[in-house]
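The report below walks through one protein model, and it is best read with the sequence and the coordinates open side by side.

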Amino acid sequence: MQKILVFDTTLRDGEQSPGATMTTPEKVRLAQELEALGVDIIEAGFPISSPQEFKAVAEVAQAVERPTVAALARATTADVDRATEALKGAVHARVHTFLATSDLHLERKLKINRDEALRRIERAVNRARSQVEDVEFSCEDATRTDLDFLCRAVQVAVEAGALTINLPDTVGYAHPEDIRQMLQAVTANVTGIDRVALSVHCHNDLGLAVANSLTGVENGARQVECTVNGIGERAGNASLEEVVMALRVLPRYYDRFYTDVVTERLCPASEVLAHVTGIRPQPNKAIVGANAFAHEAGIHQDGLLKDRRTYEIMTPEMVGARGTRLVLGKHSGRHALARRYKELGYDVSNAELDRAYELFVLLADRKKVVHDEDLLAIYFQGTMDDAPRAFKLEHLEVRCGRTPSEAVVRVSHNGGPVRESSATGDGPIDATFTAIEELAPWEMQLEEFTIQAAGGGRDAIGEVHLLVRVGGNEFSGRAASTDIVDAAARALLNAFDKADHARGLESKAFARMDLWAV
Ligand code: KIV
Ligand code: ZN
């Protein structure tokens, strides 16, 4: 049997999804989840793109042991060096360098000719190989590249020492037949191709990313690049869970292949990502959608009761999908909470449990019965914050149901005096945000705002994710509550905590610069 390497790029290409920006602690938490899931390679980010991204890659590199950690680099010395530096702490490090090879990209975007492209590929791969053993080279826009030139580019990368050659369908334009022809051409025409791992990386603009990835496997690709929930640029990347389960559930095509993915961890990984980004997969999403194992029609339910195989090609247990269960109530203790988190697959530290228990007690008092979804919403509150709590919501009062809505807020900052502000707005959230903004020490723009119910029922917890821009930087905020206006206010203050922390760091850096100037 041939192992198919699963290269997860949720933290890099996935993060390029609108609204999916992740903080360093969030990336670290997800990387740990990906390690438990059993992926082979975690692409942690693009270190040269910003100091925050560099830090995130460096911390992910140190946080996991078994998987290889990859960092992306354009085909330049500066990019490659920055990627290598970020990967210093990794047990297994891979530099992933890339250059576009289609004439369209060379002529219009890079404004270089094919010969210059070949020179850059050689230089970049050589540079990377002088620093790390494991180097991957990607021909960006491979599926729109002239096949003869594609083979020449791959030949150069192989001779310069790349150990993995990735052929992306960057714009999701390929048909499975194109993937077959491309892989067959490269396999037939590149000397030494048998010494490297071929890889596919497919985007989903036409909904063909998974089909194209599987066609890649059928035609010699030994690595598939994909993301949890299929998140990624535009319509996303090939969905990891779909590729993995197709390989597992369709032995009539794929009995020669296997992956090391622990399929029972697919739904938990999907859940963590959804909580971190606020982007839930659509309900009918294959494998991880809320309805992926729901059977509505009477005929189907009847068939299932007689024999599950009548309407189920895999069981929910195989992918770690769990039904909603009523679990805890106001008399449940700390131990019961810890046990339930463990059963749900979460390793909760003592500090996290203390915080979660505090919130649980408040919630159980209001809700009477607490569902698994509520427990997860509680768990994700503040677990991945990368800034200390500076702003505290001391009081919130809203009047709505008529126009305009009115809000009164009281906020303290770093334990200082409590300040009050009131405002009106188009709805209670608008009024609350205007009131909070008046107390803020800066101007802000709200860039994104989502609110989702965790679980069903009129007393469901509302989870708010938002993104604000303060002084040219973006900060995400997250909070959950059965009171959605309260959740929105606290999510805004959560983003303010991060802005406050960033300001503090900046002023420390300035202080150091003054010292250097002396
Ligand atoms: O889609 C793409 O071409 C990429 C490369 C950087 C691998 O993401
Ligand atoms: Zn991509």
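What follows describes the sheets, the metal site, some backbone details and the pocket of this model in turn.

**The barrel and its helices**

The model is a predicted one, and its description can begin with a barrel into which 8 strands close in the order S2-S3-S4-S5-S6-S7-S8-S9, with parallel pairing. Within this sheet, neighbouring strands are turned against each other by 25 degrees on average, direction ignored. Two helices may be described together with the barrel strands that they touch: helix H1 (residues 24–37) packs on the sheet against strand S2 (5–8) and strand S3 (41–45), and its direction makes about 170 degrees with that of S3. Helix H4 (residues 103–110) likewise packs on the sheet, where it touches strand S5 (93–100) and strand S6 (134–140), and its direction makes about 80 degrees with that of S5.

Strand S2 has pairings with two barrel strands that can be followed residue by residue. It is joined to strand S9 (residues 223–226) by 4 bridges in the parallel sense, and to S3 by 2 bridges, again parallel. Phenylalanine 7 takes part in both pairings, since it is listed opposite glutamate 225 in S9 and opposite isoleucine 41 in S3. Elsewhere in the barrel, strand S7 (residues 164–169) and strand S8 (residues 197–202) pair over 6 bridges, and here leucine 167 has valine 200 of S8 as its bridge partner.

The strand pairs discussed in this report are collected in the table.

| Strand pair | Sense | Bridges | Facing residues |
|---|---|---|---|
| S2 and S9 | parallel | 4 bridges | phenylalanine 7 and glutamate 225 |
| S2 and S3 | parallel | 2 bridges | phenylalanine 7 and isoleucine 41 |
| S7 and S8 | parallel | 6 bridges | leucine 167 and valine 200 |
| S13 and S14 | antiparallel | 8 bridges | histidine 395 and arginine 410 |
| S17 and S18 | antiparallel | 9 bridges | arginine 469 and glutamate 474 |

**The zinc site**

The zinc ion (ligand 2) has Asp13 (OD), His201 (NE2) and His203 (NE2) as its protein donors, which lie 2.0 to 2.1 Å from it. Along the sequence these donor residues follow the spacing D-x187-H-x1-H. Aspartate 13 belongs to the loop between S2 and H1 whereas histidine 201 belongs to strand S8, so this pair ties together parts that are 188 residues apart in sequence.

**Backbone details**

Strand S13 (residues 391–399) and strand S14 (residues 405–413) run antiparallel and form a hairpin with 5 residues between the strands, in which glycine 401 takes a positive phi near 100 degrees. Proline 404 also lies in the loop between S13 and S14, and the peptide bond that joins threonine 403 to proline 404 is cis, with omega at about -10 degrees. A further backbone feature is found at lysine 111, in the loop between H4 and helix H5 (114–129), where phi is near 55 degrees and thus positive in a residue other than glycine. For comparison, most residues other than glycine have a negative phi, and most peptide bonds are trans.

**The open sheet**

A separate description is needed for an open sheet of 3 strands, ordered S16-S17-S18 and paired in the antiparallel sense. S16 and strand S18 (473–481) stand at its edges with a single partner strand each, so one side of each is left without a neighbour in the sheet. Neighbouring strands here are turned against each other by 15 degrees on average, direction ignored. Helix H11 packs on this sheet and touches S17 and S18, its direction making about 50 degrees with that of S17.

**The largest pocket**

The largest pocket has a volume of about 1,000 Å³ and is lined by 38 residues, of which Glu271, Val288, Ala290, Arg322 and Glu373 lie nearest its centre. By class, this lining comprises 17 nonpolar, 10 polar and 11 charged residues. Helix H11 (266–277), helix H13 (334–343), helix H15 (372–379) and strand S16 (445–454) each supply at least two of the lining residues, and the largest share, 6 residues, comes from H11. H11 therefore links two parts of this account, for the helix that packs on the open sheet by touching S17 and S18 also contributes to the lining of the pocket, as does the edge strand S16.

Technical notes:
Residues numbered from 1 in each chain as written. Chains lettered and ligands numbered in written order. Predicted model: local features only at pLDDT ≥ 70, side-chain atom pairs only at ≥ 80, totals over all residues. Heavy atoms only, no water. 1 Å grid on protein atoms, 1.4 Å probe; cavity = no way out; pocket = protein on both sides within 12 Å on 5 of 7 lines; lining within 4 Å. Points joined across faces, edges and corners; volume = space filled by probe spheres on them. Nonpolar A, V, L, I, M, F, W, Y, C, P; charged D, E, K, R; others polar. Pairing = 2+ DSSP bridges. Axes fitted to C-alpha atoms, helices over the stretch in contact; angles between N-to-C directions. Contact = heavy atoms within 4.5 Å. Donors = N, O, S within 2.8 Å, 3.2 Å for Na, K, Ca; no water.
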